[in-house]
Amino acid sequence: MTLQYIPYTRSKSSVRRTRELETVRVMVRLYCRGHGHHGAHDCSEGLCADCGTLMEYATRRLARCVFGDAKPTCANCVVHCYSAAMREQVRMVMRWAGPRMLLRHPLLGIRHLFDGRRPVPVLPAQPAVKPANVNNDS
Ligand SMILES: [Zn+2]
């Protein structure tokens, strides 16, 4: 397999992002119900407070993803935009819901697996970040 360059895009017609959001939503819902949480969050999903917060967070991160529609699946991404706590939480949800998702929503699950096999795009014009404590003795 040869690596292929994916152009950076901020296209509004974010088919892939919409699908990723749907995937996350399905997984969080499975996880929440599967753990017998009780809906207290004021969203239409019937999620508990914690899962609802996670879902809101994931939605925000996804909407602001720097890759736009060239976005890799989050697990393959080189940019870690989640906070450490949220990352741990979403990872737990994915690990639990991933296999179950393939049974309940095979199409969405399979598409996500395929999306995960696409080459990971490289960030355009990455600003060079200097380590803070190097060359300070001049
Ligand atoms: Zn929950």
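**Core and helix packing in a predicted four-helix chain**

The largest nonpolar core has 14 residues, and those with the most contacts inside it are M27, V28, Y31, C51, L54, M55 and V93. Such a core is a set of buried Ala, Val, Leu, Ile, Met, Phe, Trp, Tyr and Cys residues joined through C-beta atoms within 7 Å. A residue is buried if 20 or more other C-beta atoms, placed from the backbone, lie within 10 Å of its own. The model is predicted: local features need pLDDT of at least 70, side-chain atom pairs count only at pLDDT 80 or more, and totals for chains, interfaces and linings use all residues. Residues are numbered from 1 along each chain as its sequence is written.

**Core**
- Helices α1 (15-34), α2 and α3 each supply at least two residues of this core, and α1 gives the largest share, 5 residues.
- Y31 touches C51, V93, W96 and A97, leaving aside residues up to four places away in sequence; contact requires C-beta atoms, placed from the backbone, within 7 Å.

**Packing of α2 and α3**
- Helix α2 (residues 49-63) and helix α3 (residues 84-104) pack at an angle of about 110 degrees, with axes 11 Å apart; axes are lines fitted to C-alpha atoms over the stretch in contact, and angles run from 0 to 180 degrees between N-to-C directions.
- This makes α2 roughly perpendicular to α3, a class covering 65 to 115 degrees.
- L54, Y57 and A58 in α2 meet M86, Q89 and V90 in α3.

**Chain**
- The chain has 4 helices and 0 strands, where helices are DSSP runs (H or I, at least four residues) and strands are E runs of at least two.
- Of its 138 residues, 20% count as buried.

How values were computed:
Parallel < 35°, antiparallel > 145°, perpendicular 65-115°, else oblique. Contact = placed C-beta atoms within 7 Å. Buried ≥ 20, exposed ≤ 12 C-beta atoms within 10 Å, placed from the backbone.
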